[in-house]
Amino acid sequence: MSPAAAPADEVTVATLQLIVDATALLGGFGRAAIHLVRPDGRLEAVAGVGDGAECPDGLDAVPKLIERAEPWGRFRFRPADGAPDDGRWHDGDLLFAPLVDASGDLRGLFRLDRPVSGRRPDPALRDRLDLCAEQAGSAIVTALERERVAEQVRHAEAARALVRRATHHVAGDQPVESILTELGEALVTHFGLAALWIQLFGEDGEAPVLAHAAAPLTERPPITLDPRFVPYAPAIASRLWAEQAIGVYGRGERHHVDESNTEPVALAERYLADQDLESMLYAPLGAGSECLAQVTMVRTRGAPRWTGLEIEAVREIGRDLGAILFNARADQRDRELLADLRALDAHKSEMVATVSHELKNPLTAILTNLELAETAAPENVAQVLAAVDRSVQRMVSIVADLRTLGEMGAEDDPADVVPVDLAAIARDVVDLVGDAAGRRGLTLALRCPADPVLVTGHAAELDRVVMNLVGNAIKYSPDGGRIRVGVQPTPDEVVLTVADQGIGIDEEDQGRIFSEFFRSPNPRARAEPGTGLGLAIVRRIVERHGGRIELESALGAGATFRVRLPREAR
């Protein structure tokens, strides 16, 4: 028999008072009282006759009293210690009836004392008293059913209100995080929570806390979620969603807790103690077979246990909000896809315009020089044809770079990857450009291990990366400058570094330097020929190899490019 809170509405109290009055009159007792179990575990007198009847030693003592007392039907009798069995009522005699519900949970006590006759009830009177106890118990059960229906209606209305509010916000394109925060505040109020957190699961399995709501607490510090709970959320929520269950971990109550998962269970135990909480409830949100989020609700120490109706209401809210969340995420994906398509279309238009412009210049030069060739003196024809050749070579270079750029963007590239020695590639490139650098007095300093430094990839593509970065360093360095090329292995990656003492890159341009056809407006950079595609190709190659490229530079202070590639698995 476990205690549970009993209702104490006006109708119930009035009914119980009538029963107490009738019992006292029928049985001839000078004192009588009915105590109900309150949500905080106390026994509270709600109906009485005379000066009432004190509850014996509080709620915790009731199980032992029942065990030691003599059954008199629904009542229990325990004689005073040392009192003779002479039929008389003695000070310290105890006559009470445990009032239980249909589940056997203790809801109250019916206590009688000081019979007017001065004698203990005989068997005939006991039968009449038993009927009174039955009526008191029935009144409590009826009140519980009435309260259950009222609570069910209240939860259903709250759930409908939450769903309507969420649907309205989704229709208004409000961000998911904002919707969850607002709904969390409503749940805190409705369920009497100390705090609530909502963790939305991403496709990568992560579960960041996207919404938090808390009741105003004036007598204690704010309640915070231990970040160590976050990694466990996806697995716990997925299990609960598959079982269509709600998990509760509290002081003296546990529902659907996987005790074999010892780490989060121990963490919850410490968390309740450290934060002085009564319970934690875990509710999954989902749609179909997919679990999308988890709601964690906490109640402060001394708060009532979660009722079955509350748990069922949370489950229904989880289903409804899960469906709305699913639709909201689908709408958000559609909006993001539409934005990506618009950006792609704008990029395509920009590319077409840029390519047209880049090809128009050399074509115009070719046409102009061919017209000049018709009237040029014989000794000038070679000069005109040389200008035409330069324009043709620029067009060939643009087309070749565009083709390479397209190949780098192909997702179904069939080329096989193999272990590639990046140090060997760096040595070959430095040897190849050494003469050109020497003619301008540039010093090329190479630093890399003698042993192979392996990455997985395409040798020709990685050669292009090194050649482009070293070539740019030579192109934009002043005569007599110094260029450093390095290949440095680390436990997880290989770092290629190319650093120069050239003209540098303005901070504003650094965010666009890897974009297609970008040419710096810096006149010193514009003076050097180029298509504006080289670094875009480098970035795509690096990303295709699972790496990243970094840039450190300042205008007039040179530039340092670092390419980080995953190291070949051993």
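**Sheet and helix packing in a predicted model**

Helix 1 (residues 10-27) lies across strand 1, strand 2 and strand 6, at about 55 degrees to strand 2. Keep in mind that this is a predicted model.

Biologist: In what order do the six strands of the open sheet come?

Modeller: Strands of a sheet pair through backbone hydrogen bonds, either parallel or antiparallel. Here the pairing is antiparallel. Reading across the six strands, the order is 2-1-6-5-4-3.

Biologist: Which strands are the edge strands?

Modeller: Look for strands that pair on one side only. Those are strand 2 (43-49) and strand 3 (70-72).

Biologist: How many bridges join strand 1 to strand 6?

Modeller: Strand 1 covers residues 29-37 and strand 6 covers residues 106-115, and they run antiparallel. Within this pair, Ala 32 stands opposite Leu 112. The number of bridges joining strand 1 to strand 6 is seven.

Biologist: Is helix 9 parallel or oblique to helix 10?

Modeller: Helix 9 (residues 422-439) and helix 10 (residues 459-475) pack with their axes 9 Å apart, at an angle of about 40 degrees. Roughly parallel would need an angle under 35 degrees. So helix 9 is, relative to helix 10, oblique.

Biologist: How many residues of the contact of helix 9 with helix 10 are charged?

Modeller: Helix 9 brings residues including Leu 422, Ile 425 and Val 429, while helix 10 brings, among them, Leu 462, Asp 463 and Val 466. The contact divides into 13 nonpolar residues and no polar ones. That leaves the charged count at one.

Conventions. Residues numbered from 1 in each chain as written. Predicted model: local features only at pLDDT ≥ 70, side-chain atom pairs only at ≥ 80, totals over all residues. Heavy atoms only, no water. Axes fitted to C-alpha atoms, helices over the stretch in contact; angles between N-to-C directions. Helix = DSSP H or I, 4+ residues; strand = E, 2+ residues; numbered from the N terminus. Parallel < 35°, antiparallel > 145°, perpendicular 65-115°, else oblique. Contact = heavy atoms within 4.5 Å. Nonpolar A, V, L, I, M, F, W, Y, C, P; charged D, E, K, R; others polar. Pairing = 2+ DSSP bridges.
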